[in-house]
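Please read the following with the sequence and the model side by side. The text moves from one salt bridge to others, then to a lysine and a surface patch, and ends with the whole chain.

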Amino acid sequence: MGRLIAMTLAYLAYLLPTAIGGQKQQHRVQHGPCSYTFILPEVDNCRPSKDYQFTDAPQRDSPPEAENDAGQSKQRQDQRERPSWQERKLESLESAMENNTQWLQKLENFIQENVRSGMEEIKRSAVHTQTAAMLEMGTNLLSRSAEQTRKLTDVETQVLNQTSRLEIQLLEYSLFTNRLEKHILLQTQEISRLSDKNSFLEQRLLALEARYGKELQSLQSEKEQLQHLLERQGQLVGQLQGELGSSTLNSTLIQSQQAMLTDTVQKLLTKVNHCNEVSSIPKKEPHHFRDCAEILRSGVKESGVYSIRLHNSTRDVEVFCDMKIQGGGWTVLQHRRNGSVDFHRGWKEYKMGFGEPSGEHWLGNEIIHKLTSSQEYSLHVQLKDREGNEAYSHYDRFYIDGEESNYSLHAEGFSGTAGRTSSLTHTGSQFSTKDRDNDSCTCKCAQLASGGWWFEACGPSNLNGIYYPASSNVVRYNGIKWYYWKGPNTMATMTTMMVRPANF
């Protein structure tokens with residue numbers, strides 16, 4: 001459209017000089033980067049026709065309205081009566097504009113007739129140009145689309161990689177959460193066990209308070225009885241003082257009789273010495289046994305309490321000998337059967353031993369060390385649960401080190417019916433008590449699990465834990481434990497640890 005206007009203005013500029021030749025006045029029009037010059041006719045010598053009415057209103061393409069106000073007509077008359085140079089100039093410009101309008105109408109008809117073919121050609125060229133531009137734009141769009149697709153593929157790959165990494169992290173967090181949940185569950189169970197232990201201790205404290213109250217009452221009654229006895233003894237002392245006088249009289253008689261008895265004793269001693277010199281029969285020294293196996297070999301077949309003398313020792317030790325299980329000859333180290341003896345004791349008591357050999361007792365770590373170090377011994381652990389089921393664990397070689405090594409445990413060659421795996425802690429585990437912690441745990445296993453034992457890291461066994469009766473159904477962490485027999489629900493009601501020479 002802009003090209004059409006430019007061609008129209010150029011053609012108009014070509015026609016105007018021929019139409020109004022000889023005129024010298026020029027008019028310059030700037031249209032964008034192009035400029036157009038129009039030569040306008042001189043209107044000084046031109047006069048408008050009488051029919052032509054001059055007005056200062058804008059020129060219209062249509063004829064002026066016929067009906068005008070009386071005031072406007074009068075005003076025009078006044079203006080005609082006083083024409084000026086500017087008015088004449090304006091009239092001449094209006095006349096020229098009217099002529100130009102007619103020329104423009106003719107020019108428009110000419111352009112419409114002659115430029116139509118040019119417009120069609122221009123349209124075709126514009127269509128071709130637009131098609132080429134669109135093809136070029138399509139090519140650019142395709143290349144951009146391919147580039148964007150490649151970028152999207154890269155982004156998708158990065159997103160997939162990031163998603164896989166996030167899934168792996170999520171899985172790790174899930175595993176960590178599971179471990180935390182298990183740890184929290186274990187801690188909760190431990191808290192419940194400690195709570196149960198606390199309640200048990202509270203019950204024991206109440207029982208002890210009641211017991212001490214009863215004992216206090218009995219002591220008070222005994223005190224009253226003693227006071228009565230003192231009163232009676234005072235009375236008796238008075239009586240004795242009265243009788244003392246009479247006994248003094250008899251003392252002289254007794255002294256004379258004593259002199260006679262002294263002579264008689266001297267005579268008897270002389271005769272006894274003479275008999276000892278005459279007698280030459282040698283005395284038999286008593287035989288000392290090192291363990292129950294030697295007692296069995298001597299002909300004793302009944303289980304019971306016997307005296308043995310340890311190797312390189314002059315002290316006799318009373319032990320219980322089992323002469324029935326698997327051929328007999330077993331020296332009992334530990335025995336539990338009814339909970340009558342408290343096994344939650346200190347290092348010194350476990351070292352020297354406590355309890356009675358005929359009942360519940362611990363023989364003593366020092367005695368066990370000296371006994372098992374004198375020769376090779378095997379260990380036999382006998383167990384019984386609350387339903388009466390029995391099982392055993394046997395170790396071909398067993399001994400413990402001395403106190404300088406905290407009575408470290410050594411056991412090899414497991415067999416038996418109390419589990420497929422040994423519940424006894426590993427070789428080298430040290431003995432621990434409530435007042436001497438030698439385990440491998442940051443906690444104190446002897447305090448948590450109770451008793452003295454080779455705990456290692458609170459391990460799978462503790463035959464010296466708290467004895468709970470067969471009627472108890474609650475699983476307790478601090479009870480008698482032999483894990484690989486029946487797990488944490490062992491609740492053994494009888495345990496026996498005993499040794500016998502390995503070559504028996």
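Arg436 counts as partly exposed because its relative accessible area is 31%; the class lies between buried, under 20% relative accessible area, and exposed, over 50%, computed with a 1.4 Å probe and protein chains only. This is a predicted model, in which local features need pLDDT of at least 70 and side-chain atom pairs count only at pLDDT 80 or more, while totals for chains, interfaces and linings use all residues. Residues are numbered from 1 along each chain as its sequence is written, and side-chain values use heavy atoms, with hydrogens and water left out.

Which residue is the salt-bridge partner of Arg436? It is Glu403, and the closest N and O atoms of the pair are 3.9 Å apart. A salt bridge here is a side-chain nitrogen of Lys or Arg within 4 Å of a carboxyl oxygen of Asp or Glu. Arg436 is in the loop between β10 (409-416) and α7 (445-448), and Glu403 is in the loop between β9 (390-400) and β10, so the pair ties together parts that are 33 residues apart in sequence. Helices (H or I, at least four residues) and strands (E, at least two) are DSSP runs numbered from the N terminus. Glu403 is partly exposed, with a relative accessible area of 24%.

Elsewhere, salt bridges that share partners join Glu147, Arg150 and Asp154 into one network. Within this network, Asp154 pairs with Arg150, with the closest N and O atoms 3.3 Å apart. Both residues lie in helix α3, four residues apart, which is about one turn of the helix. Asp154 is partly exposed at a relative accessible area of 35%, and Arg150 is partly exposed at 43%.

Helix α3 also holds Glu190 and Arg193, three residues apart and so separated by about one helical turn. Their side chains meet in a salt bridge (3.8 Å, N to O). Glu190 is buried, with a relative accessible area of 19%, whereas Arg193 is partly exposed at 26%. By the stated rule the count comes to 13 salt bridges.

Lys481 is placed in strand β12 (residues 481-482). What is the nearest side chain of opposite charge to Lys481? It is Glu190, 8.9 Å away; Lys481 is buried yet has no salt bridge. For charge, Lys and Arg count as positive and Asp and Glu as negative, with His and the chain ends not counted. The side chain of Lys481 does reach the backbone oxygen of Gly459, at 3.2 Å. Leaving aside neighbours within four places in sequence, Lys481 is in contact (heavy atoms within 4.5 Å) with Cys458, Gly459, Pro460, Ser461, Asn462 and Leu463.

At the surface, Phe176, Leu180 and Ile184 make a nonpolar patch of about 280 Å². Such patches take residues with over 30% relative accessible area and no salt bridge, joining nonpolar side chains (Val, Leu, Ile, Met, Phe, Trp, Tyr) within 5 Å and like charges within 9 Å. Ile184 lies in helix α3 (residues 85-278), and counts as exposed because its relative accessibility is 52%.

Taken whole, the protein has eight helices and 13 strands. Of its 504 residues, 27% count as buried. Among contacts between residues at least 6 apart in sequence, 53% join residues at least 24 apart. The protein exposes about 34600 Å², of which carbon and sulfur atoms supply 54%; accessible areas come from the Shrake-Rupley method with a 1.4 Å probe, and for residues only the protein chains shown count as cover.

How values were computed:
Polar contact = N/O pair within 3.5 Å; in protein donor to acceptor, adjacent residues only side chain to side chain.
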